[in-house]
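Please examine the model shown below before reading the report.

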Amino acid sequence: MSTIQNIIIGIGSNLGNRFENLQKAVFVAEKSNIFSVLQRSSVYETSPWGWAESGPDFYNAVLDVTSDLDPHE
């Protein structure tokens with residue numbers, strides 16, 4: 001028997017139309033049969049670091065979703 005899990009998902013983009021890329025990710029999550037989107041954060045612009053340090057700035061956001069998937073799925 002599956003139980004409903006609360007999941008926090010970080011999304012980000014630093015290529016192309018960054019804002020549109022985030023919107024598409026939210027749209028796909030909302031339309032999927034896998035997740036139910038409860039809330040989404042504002043969009044934040046951040047400087048790259050680590051492997052992407054020399055690239056353009058990121059747009060980032062967080063989704064609060066529920067799912068009955070097992071964490072390994």
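The report covers confidence, strand pairing, the nonpolar core, salt bridges and one loop residue.

The structure is a predicted model. The mean pLDDT of the protein chain is 90, and 97% of the residues reach 70 or more. Among the elements, strand 3 (residues 44-46) has the highest mean pLDDT, 96, whereas strand 2 (residues 36-40) has the lowest, 92.

Strand 4 takes part in three antiparallel pairings, listed here with one bridge from each.

| Partner of strand 4 | Bridges | One bridge pair |
|---|---|---|
| Strand 1 (residues 5-13) | 9 bridges | isoleucine 8 with aspartate 64 |
| Strand 2 | 4 bridges | arginine 40 with leucine 63 |
| Strand 3 | 3 bridges | glutamate 45 with tyrosine 59 |

Strand 4 is largely enclosed by the rest of the structure, because 7 of its 10 residues are buried.

The largest nonpolar core consists of 7 residues: Ile11, Leu22, Val26, Ala29, Ala61, Leu63 and Val65. Helix 1 (18-31) and strand 4 (58-67) each contribute at least two residues to this core. In soluble globular proteins, nonpolar side chains tend to be buried together. Leucine 63, a member of the core, is also the bridge partner of arginine 40. Beyond its neighbours within four places in sequence, leucine 63 contacts Ile7, Ile8, Ile9, Ile11, Val26, Ala29, Gln39 and Arg40. Of these contacts, Ile11, Val26 and Ala29 are named among the core residues.

The count of salt bridges is 2. In one of them, the side chains of glutamate 45 and arginine 18 meet at 3.2 Å, N to O. Because glutamate 45 belongs to strand 3 and arginine 18 to helix 1, this pair ties together parts that are 27 residues apart in sequence. Glutamate 45 counts as partly exposed, since its relative accessibility is 49% and the exposed class begins over 50%. Glutamate 45 is also the residue bridged to tyrosine 59 of strand 4.

Another salt bridge joins the side chains of lysine 24 and glutamate 20, at 3.3 Å, N to O. Both residues lie in helix 1, 4 residues apart, which is about one turn of the helix. Glutamate 20 is partly exposed, with a relative accessible area of 34%.

Is the loop residue serine 47 exposed or buried? With a relative accessibility of 53%, serine 47 counts as exposed. This residue is found in the loop between strand 3 and strand 4. From C-alpha to C-alpha, serine 47 and asparagine 33 are 33 Å apart in space, and 14 residues separate them in sequence.

Terms used
Residues numbered from 1 in each chain as written. Predicted model: local features only at pLDDT ≥ 70, side-chain atom pairs only at ≥ 80, totals over all residues. Heavy atoms only, no water. Core = buried A, V, L, I, M, F, W, Y, C linked by side-chain atoms within 4.5 Å. Buried < 20%, exposed > 50% of the residue type's maximum accessible area, 1.4 Å probe, protein only. Contact = heavy atoms within 4.5 Å. pLDDT = per-residue confidence, 0-100. Pairing = 2+ DSSP bridges. Salt bridge = Lys/Arg side-chain N within 4 Å of Asp/Glu carboxyl O.
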